[in-house]
Amino acid sequence: MTEKDKEMQANGQENPNMDINSDENQSGSTHLNDALPETDEADKLRGELDELRRKYLLLNADFDNFRKRNAKERIELINTANKEVIVALLDVLDDSERATKQLETSGESGAAAEGVVLVFNKFQNILQSKGLKAMEAMHEEFNPDLHEAVTEIPAPTEELKGKVIDVLQKGYYLNDKIIRHARVVVGK
């Protein structure tokens, strides 16, 4: 430092020639006045950040879809968990219906007939509470999605052409899904 610099420093004044941004360890270096690093590196980092953000959003959306699909499948499984048991019981339900009709047509009235009807009604109510619903097919328009045509016979009237004339075996829904198609006779 020169004498003048020492004097100015003692009086609390700064030297206008002195660069405060220079590094004392490097002679004449003014590295703080250098330009910022290349913007290519910043753009590259922004691009990587955008790509990672996009991947994160896609992964998050995929996980959301998986979670919703899994919840829907779980609800569907719960609703149709008894399907196999109920399908197996449909034959028993059909036989019970035939037995009660036979009792009604034979004119038997007694404790045994009343007991059979009572048991049948209870059995039917239990299945209905589990989501079983009988399909109405008689005199409906034939629909191959709902009905299985066993045979076609000449329709007794013109308005019954293409409609169900007789139901051989009832169709059933379980929670609004078909578990058995109705076996029908169609008028032609």
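**Sheet pairing, pocket lining and an aromatic pair**

Glutamate 148 has arginine 183 as its bridge partner in strand 6. This contact, like the others reported here, is taken from a predicted model. The pairing to which strand 2 (residues 147-153) and strand 6 belong is parallel and comprises six bridges. On strand 3 (residues 164-169), the pairing with strand 6 is instead antiparallel, and four bridges are found. Two valine pairs illustrate this second register: valine 167 stands opposite valine 184 of strand 6, and valine 164 stands opposite valine 186 of strand 6.

Taken together, these pairings give an open sheet of three strands in the order 2-6-3, with mixed pairing. Strand 2 and strand 3 are the edge strands, each of them pairing on one side only. From one strand to the next, the twist averages 30 degrees. Strand 6, which spans residues 182-187, is mostly covered, with five of its six residues buried.

Strand 3 also contributes to the largest pocket. The volume of this pocket is about 190 Å³. Its lining is made up of Asp94, Glu97, Arg98, Lys101, Val167, Leu168, Gln169 and Lys170. Two elements, helix 3 (83-106) and strand 3, each give two or more residues to this lining. Helix 3 supplies the largest share, namely four residues. In terms of residue class, the lining of the largest pocket holds five charged residues, two nonpolar residues and one polar residue. Val167, one of the lining residues, is also the residue that faces valine 184 across the antiparallel pairing of strands 3 and 6.

A separate feature concerns aromatic side chains. The count of aromatic pairs comes to one. The pair is formed by phenylalanine 63 and phenylalanine 66, with 6.4 Å centre to centre and 35 degrees between the planes, and is tilted. The tilted assignment follows because planes under 30 degrees apart would count as stacked and those over 60 as edge-to-face. Both residues lie in helix 2 (residues 39-79), and because they are three residues apart, about one helical turn separates them. With regard to solvent accessibility, phenylalanine 63 is partly exposed, at a relative accessible area of 48%. Phenylalanine 66 is likewise partly exposed, its relative accessible area being 42%.

Technical notes: Residues are numbered from 1 along each chain as its sequence is written. This is a predicted model: local features need pLDDT of at least 70, side-chain atom pairs count only at pLDDT 80 or more; totals for chains, interfaces and linings use all residues. Side-chain values use heavy atoms; hydrogens and water are left out. Rings of Phe, Tyr and Trp (its six-membered ring) pair if their centres lie within 6.5 Å; planes under 30 degrees apart count as stacked, over 60 as edge-to-face and the rest as tilted. Buried means under 20% relative accessible area, exposed over 50%, partly exposed in between (1.4 Å probe, protein chains only). Two strands pair if DSSP finds at least two bridges between them. Axes are lines fitted to C-alpha atoms, for helices over the stretch in contact, and angles run from 0 to 180 degrees between N-to-C directions. On a 1 Å grid over the protein atoms alone, a cavity is a set of points where a 1.4 Å probe fits but cannot get out, and a pocket is an open set with protein on both sides within 12 Å along at least five of seven lines; lining residues have an atom within 4 Å of a point. Grid points are joined across faces, edges and corners, and a volume is the space filled by probe spheres set on the points. Ala, Val, Leu, Ile, Met, Phe, Trp, Tyr, Cys and Pro count as nonpolar, Asp, Glu, Lys and Arg as charged, and the others, Gly among them, as polar.
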